[in-house]
Amino acid sequence: MKAAIVSAAGELPVYGDFPEPQADDHQVVVTVKAAAISQLAKARAAGSHYSSATHYPFITGIDGTGYLNNGDPVYFLAFNAPWGSMAEKTRVPTEAIVPLPKTLDPVLAAALANPGMSSWAALTRRARLLQGETVLINGATGTSGGLAVRIARHLGAGKIIATGRNRAVLEQLHTQGADITLTLDALPTALPALMADGIDVVLDYLWGQSALDIMQAAVAGGEKVVRFVQIGSLSGQEISLHSKLLRSSGLTLMGSGLGSVSNSELVACIGELLTAAAQSDFSIPFQMRPLSEVHSAWGEDDSRCRTVFTL
């Protein structure tokens, strides 16, 4: 069969031939319809993510949509090397499959599942958002952060604050559910008053200086508990975090991702997300490319418009 194959750490995927998978007692074969590029898929393919495979060659891609042998549409997670999602067929554990609502476009489902799951898991499993609470989304101008605005509203957030660098995108977020938008350079001056009014949950897609600004504002806000959930690190992997930020405030710092949320819970989150997506507008910009163009398209991916490979 045809697949997107990574032959060594750091190499780009190449469209080529790979043996077809065979089902067994615990795994089923899925005929793939669509699989999207994500930051996680790229990091695993490059060998730089903590969950990366260590044996080569393997098929890249971590998730997708497709069909079981009986024709049922499904979403699946594909973390078991060498069977990634970017192939004509893949093999996945039965517990890594979610039925796909028949009214939901499988290509759209492949596009939104990964970015949507990041905030769905963070809000429901890690922060355990309560109805009416205030949510700050740091880095809301990217695909995942922008989708998080709509998901937070869907899950019952009372007030949503969105931050980012792109002023034009921030303005658009007002129409998607954000009550307040702030540029990153405005955080040190604007956040203390907002913290005093009450911010319950922070979803952080950036890390770096903006994350530190938010934590410092939480300290200035007093003893109120702020659940800070770290999801992404687009602004850098490390910050200088003084111990007093945790000792002298109600700040609770946690992460959300592979490892902090179990695979079974991730699958459950995605099932809930896709069910909601069939009823609400969780659409995001995406472009379709045939899998045969994976080598050239891999480096052209735009964080504001997802690339979805179709078969």
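Helices and strands here are DSSP runs, numbered from the N terminus. With that naming in hand, the predicted model can be walked through, starting with its backbone oddities.

Two cis peptide bonds turn up, each leading into a proline. One joins Tyr-56 and Pro-57, with omega at about -5 degrees. Pro-57 sits in the loop between α1 (39–46) and β4 (58–59). The other runs from Ala-81 to Pro-82, and its omega is near 5 degrees. Pro-82 belongs to the loop between β6 (73–77) and β7 (89–93). Another backbone quirk shows up at Arg-128, which is not a glycine yet has a positive phi of about 50 degrees. Arg-128 is placed in the loop between α2 and β9 (134–138).

On to how the helices pack. Two packed helices are described by the angle between their axes and the distance between the axes. For helix α2 (residues 106–126) and helix α8 (residues 263–277), the axes come within 8 Å and cross at roughly 115 degrees. Angles of 65 to 115 degrees count as roughly perpendicular, so α2 is roughly perpendicular to α8. The crossing of α2 past α8 is right-handed. On the α2 side, the contact includes Ala-109, Leu-112, Gly-116, Trp-120 and Arg-125; α8 brings in residues including Glu-265, Leu-266, Cys-269, Glu-272 and Leu-273. Sorted by class, this contact has 14 nonpolar, two polar and three charged residues.

Helix α5 (residues 187–197) and helix α6 (residues 208–220) make another packed pair, with an angle of about 35 degrees and axes 9 Å apart. The α5 and α6 crossing is right-handed. Here α5 supplies Leu-187, Pro-188, Leu-191, Pro-192 and Met-195, while α6 supplies Ser-210, Asp-213, Ile-214, Ala-217 and Ala-218. Of the residues in the α5 contact with α6, eight are nonpolar, one is polar and one is charged.

Finally, there is some open space to look at. Rolling a probe the size of a water molecule over the atoms shows where empty space is left. The second largest pocket holds about 230 Å³ of space. Its lining is made up of 15 residues, and those nearest the pocket centre are Thr-141, Gly-142, Val-169, Gln-176 and Pro-285. Two elements, α3 (143–154) and α4 (167–173), give two or more residues each to this lining. The biggest share comes from α3, with four residues. As for chemistry, the lining of the second largest pocket is a mix of six nonpolar, seven polar and two charged residues.

How values were computed. Residues are numbered from 1 along each chain as its sequence is written. This is a predicted model: local features need pLDDT of at least 70, side-chain atom pairs count only at pLDDT 80 or more; totals for chains, interfaces and linings use all residues. Side-chain values use heavy atoms; hydrogens and water are left out. On a 1 Å grid over the protein atoms alone, a cavity is a set of points where a 1.4 Å probe fits but cannot get out, and a pocket is an open set with protein on both sides within 12 Å along at least five of seven lines; lining residues have an atom within 4 Å of a point. Grid points are joined across faces, edges and corners, and a volume is the space filled by probe spheres set on the points. Ala, Val, Leu, Ile, Met, Phe, Trp, Tyr, Cys and Pro count as nonpolar, Asp, Glu, Lys and Arg as charged, and the others, Gly among them, as polar. Axes are lines fitted to C-alpha atoms, for helices over the stretch in contact, and angles run from 0 to 180 degrees between N-to-C directions. Angles under 35 degrees count as roughly parallel, over 145 as roughly antiparallel, 65 to 115 as roughly perpendicular and the rest as oblique. A crossing is left-handed if the near helix is turned anticlockwise from the far one by less than a right angle, and right-handed if clockwise. Contact means heavy atoms within 4.5 Å.
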